[in-house]
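Me: I'd like to learn how to read a few local features in a structure. Can you walk me through some?
Reply: Sure, let's put it on screen and go helix by helix, then look at a loop.

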Amino acid sequence: MLKFSRLQTIAILVVCFLGSALAIPSLVGPHNMPTWLPMRHFNLGLDLQGGSYLLLEVDADAVKRERLENAVDEVRGLLRTANLRVAGVGVEGSGLVVRLADPSDAASVTDALRPLTQASLPGEIADFTIVPEAGRLRLDFGQQALTNRVSKAVDQSLEIVRRRIDETGVNEPIVARQGVSRVLVQLPGVTDPGRIKRLLGQTAKMTFHLVGDATVAPGSSAPPGFEWLQNSDRGAGGGQVLVRKRVEVDGATLTDAQPSADPQSGRWVVSFSFDSIGARRFADITKANVGRPFAIVLDGRVISAPVINEPILGGRGQISGNFTAQTATELAVLLRAGALPAPLTVVEERSIGPELGADSIKAGVISCLVGVVLVFAYMWLTYGFFGLIANAALVFNLFLTLSCLAMLEATLTLPGIAGVVLTLGMSVDANILINERIREELRKGKTALSALETGYIKARGTIMDSNLTTLIKMVLLYVVGTGSVKGFAVTTSLGIITSMFTATVVARLLTAIWYKRTRSKELPVFGPIKLKTAGMKINFMNGRHVGLAVSVILSTASVAMFFKPGLNYGIDFAGGIVMEVRTAEQTDFPKMREVMEHVNVGPVALQAFGTDRDVILRMERQEGAESNQQAAVKAVTAALEQNFPGSEVRRVEAVGASVSAELFSDGMLALGLAAFFMLLYITFRFEWQFGVGAVVTMMLDVTKTIGFYALTGLQFNLTAVAAMLTIMGFSINDKVVVYDRVRENLRLYRKMPLRELIDRSINETMTRTINTNIAVFLSIVPLALYGGEALREFAWALLFGILLATSSSIFIAAPILLYLGENRLRKTMDAEDPPGNEGGEGEAAKA
């Protein structure tokens, strides 16, 4: 194990060098690197650099409504072509109804409408199916057809949204499809997403219509072929305008639109131009209707209704109205980018101010530095010179993790920083396993070289098992997670992978180089601090009945607390709004409560944190449409600006009902899948008794963690799910180490009672358990103290999980294995490996 060829040594050193070099651009900032040196770097998440995250959903009802309305015109056209008369055509429910004037025409009308029941392309599903009914025909618009229409609308919306955002000058925006009906938009550096939401929230469907008879009184029934539309041109007096439904010129033929100031009036206008087809149609309409008003309609509202004074032949025109410079610019952007096929609704919003992002970076860096110093100091105090080697491996592990993030051009989020700190603590576990194994071999009287070789060989399998179980859970968290939680999963996964390399390869290479140069007969694997755990003979199984009873009582109480008082669901799962505000002066809470009572958004909970100027406002999910969430944010922001001048909205999170329900189901699915895959892995690597014992104990740990959340009132959200999956990782990790020693001892001590053997295994791994937990504890404590509001609850849950996982390994997992494995495990071991000498090491143990 300590033999490295020259080629292997060079390869390992090159990997370490490249890992360190590739991480430098991200650490010093790409702008500080030479421009001639193109190097990849990881990006900072919105929670670190500030920006906005918007999840938009296509309005399926609008897609359905528009398709049915268009289908009415198609039906009438097909019937006119076939020279057939019917009593009427209209929308009813999820389809159309054609009322027959003569029931004997049913077959002829069905044949005439056959094109509506045929797909436009091979392999597609037709929009309508014809169902004969008494005296009429029903054209059903199927759910699959609607899903296909929505999917196509999302595809069209992606490019239009991207063009609209590009017009605003946002740097490096991310626009991507999510699921069947949603579009994800990330806007780095955009701290006030209001303008972007206005741009994205408008369909921008522009059409030109002739205006109806001015003598028809507003509010009366519109004549056939006409409709009343709201006039948004306040300069014209507002009210309603009677317009012909027929579209004379479609805005889709526009080629350009630019804001400008009218040189005569000084008012802002939007100049537009048509393509050849639109220009010709526009010229024909204006020629035939000189002296008549011509309505310009945007998203169902009349924005201008000028009178056609003369034919417009050049394909150019102006939209005048009550515009400001900003509104004129926004309208021009919308027209240039094109119309959305359907309205987009913001169903989830997360906005972070740049100042808050800078504070988050500072808190994260402080947490990392303090955690690194504490862990490094503890490793040196515990393992002396070999602790320093472990620290060197940890440094390379940190650089390799950052370089992998850079090569993937991944996004580092605030939970991602937590993942780095957590990985630091978990990576120590591999080095501790190795060093403890080396110590054991030295106590047995082996030579320095033999102890080194055996220590690395025996620890390798345990390291692989414990890290793979954690890696499986991180993969599941990435699959079901969202936003910054994915960043935590990615960072932790990369850290786990690189830690297996640095602990088993880099540390081993450094140890080999040291040993070849010194040929020391004594190994400096003992530090100034020496735990008096070696040779312990505590009979843990004597307390197995008490341990299981206490565990069952605590888990039962936790389940009861799940129902009452229940969990404090965060907005991820319950929906709602969270706004973090910093006032110009010390926050006047009585005044703010009084102001919020008149905003009409329901109860607003105020929570002080940080400085005396910081306050968090929490609102329940607004009833009704998803757009009501955004209306509530706007109303609260306006109230703050009016009553607390100079206040700054540093963070906004708004989650609608549909998103929160999906996030909750995905989170629960992640926990369930984690338990299932843990059972499969442990059963595959060990025996089914080990698998059942580990997973049952892990689920009991999960119930107690839920009780912890219910008892403390910590928010239960996606970050809590990440914490629970991490706790499950701790739980399995510790049990794998104990179980691995049990299995090894089953081969060594063939006739030792299982109860005594399990006690022996726990005692032998106790030093590793204590040292690993202290190291992980030291790496997480800074998060709880300096990690800021976003990570504090996450860190406290992990600290609870460390203590929980350690105790459950001894007092729950081990007794379950004892009950399930008595006699059965002996038979399994004997079948795998013929018995050796009692108390000695068989050939299998030496391998």
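Reply: Keep in mind that this is a predicted model. Start with α7: its buried residues pack against β9 (206-210), β12 (249-250), β14 (268-274) and β15 (294-298).

Me: Which residues of α7 are buried?
Reply: Buried means under 20% relative accessible area. In α7 that gives Gly 278, Ala 279, Phe 282, Ala 283, Ile 285 and Thr 286.

Me: How many ångströms should helix α7 span?
Reply: Count 1.5 Å a residue, times one less than the number of residues. For the 13 residues of α7 (276-288) that gives 18 Å, and the end C-alpha atoms are 19 Å apart, which agrees.

Me: What caps the N-terminal end of α7?
Reply: Look for a side-chain oxygen by a backbone nitrogen. Here Asp 275 does the job, with a side-chain oxygen 3.3 Å from the backbone nitrogen of Ile 277.

Me: Now the loop between β21 (576-582) and α15 (589-597): is Thr 583 there buried or exposed?
Reply: Thr 583 counts as buried, because its relative accessibility is 4%. Its side chain reaches the backbone oxygen of Glu 585 at 2.5 Å and makes a polar contact with the side chain of Thr 587 at 3.0 Å. Beyond four places in sequence, Thr 583 touches Met 592, Arg 613 and Ser 647.

Me: And which residues make the nonpolar surface patch?
Reply: Ile 10, Val 14, Phe 17 and Leu 18 make a patch of about 380 Å². Leu 18 sits in helix α1 (residues 6-28) and is partly exposed, at 42% relative accessible area.

Note on methods: Residues numbered from 1 in each chain as written. Predicted model: local features only at pLDDT ≥ 70, side-chain atom pairs only at ≥ 80, totals over all residues. Heavy atoms only, no water. Patch = residues over 30% accessible without salt bridge, like charges linked within 9 Å, V, L, I, M, F, W, Y side chains within 5 Å. Areas by Shrake-Rupley, 256 points an atom, 1.4 Å probe, with all protein chains shown as cover. Salt bridge = Lys/Arg side-chain N within 4 Å of Asp/Glu carboxyl O. Helix = DSSP H or I, 4+ residues; strand = E, 2+ residues; numbered from the N terminus. Buried < 20%, exposed > 50% of the residue type's maximum accessible area, 1.4 Å probe, protein only. Contact = heavy atoms within 4.5 Å. Polar contact = N/O pair within 3.5 Å; in protein donor to acceptor, adjacent residues only side chain to side chain.
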